[in-house]
Amino acid sequence: NIQGLARQYPIRIPPWYSIILRTLLILEGLALSRDRDFKLLESAYPYIIRVLLKADSPDLQRTLKDVILYPNNGTLRWP
């Protein structure tokens, strides 16, 4: 529960992040009501990779590496 964690620890979640997260949860709920096997992250994976590939930021490039490669052996993760 994000709200519980936010109360327990002194963190602040930006309003735009909360809105995006809430929207994604609503969309996932709608998709799951039509298809119980729907996987949001699996569906969003190609978009996430495209965004990370276009990024010039070293932090985002590291994130891309973490997302597409297994940390223990460096092989490619692919659904």
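The following exchange asks how the descriptions of this predicted model are reached.

User: What makes a feature of this model count at all, and how are its residues numbered?

Analyst: This is a predicted model in which local features need pLDDT of at least 70 and side-chain atom pairs count only at pLDDT 80 or more, whereas totals for chains, interfaces and linings use all residues. Residues are numbered from 1 along each chain as its sequence is written, and side-chain values use heavy atoms, with hydrogens and water left out.

User: How do you know where in the chain confidence is lowest and where it is highest?

Analyst: On pLDDT, the predictor's confidence in each residue from 0 to 100, the chain averages 82, and 95% of the residues score at least 70. The lowest confidence falls in helix α1 (residues 2–8), with a mean of 76, and the highest in helix α2 (residues 15–34), with 88. Where pLDDT is low, the predicted coordinates should not be read in detail.

User: What makes up the order of elements in the chain?

Analyst: Elements are DSSP runs numbered from the N terminus, helices being H or I over at least four residues and strands E over at least two; by that rule the chain has four helices and zero strands, in the order α-α-α-α from the N terminus on.

User: Why is the chain called more spread out than a compact globule?

Analyst: The globule rule is 2.2 Å times the number of residues to the power 0.38, and the radius of gyration is taken over C-alpha atoms. For 79 residues the rule gives 12 Å, and the chain's radius of gyration of 16 Å is well over that, so the chain is more spread out than a compact globule. The C-alpha trace spans about 35 × 35 × 25 Å along its principal axes.

User: Why is the pair of Trp16 and Tyr17 called edge-to-face?

Analyst: Rings of Phe, Tyr and Trp (its six-membered ring) pair if their centres lie within 6.5 Å, with planes under 30 degrees apart counted as stacked, over 60 as edge-to-face and the rest as tilted. A search of the whole structure finds one aromatic pair: the ring centres of Trp16 and Tyr17 are 6.1 Å apart and their planes stand at 90 degrees, so the pair is edge-to-face.

User: How do you know whether Trp16, Tyr17 and Ala6 are buried or exposed?

Analyst: Buried means under 20% relative accessible area, exposed over 50% and partly exposed in between (1.4 Å probe, protein chains only). Trp16, at 55%, is therefore exposed, while Tyr17, at 41%, is partly exposed. Ala6, which lies in helix α1, has 26% and is likewise partly exposed. Of the 79 residues of the chain, 8% count as buried.
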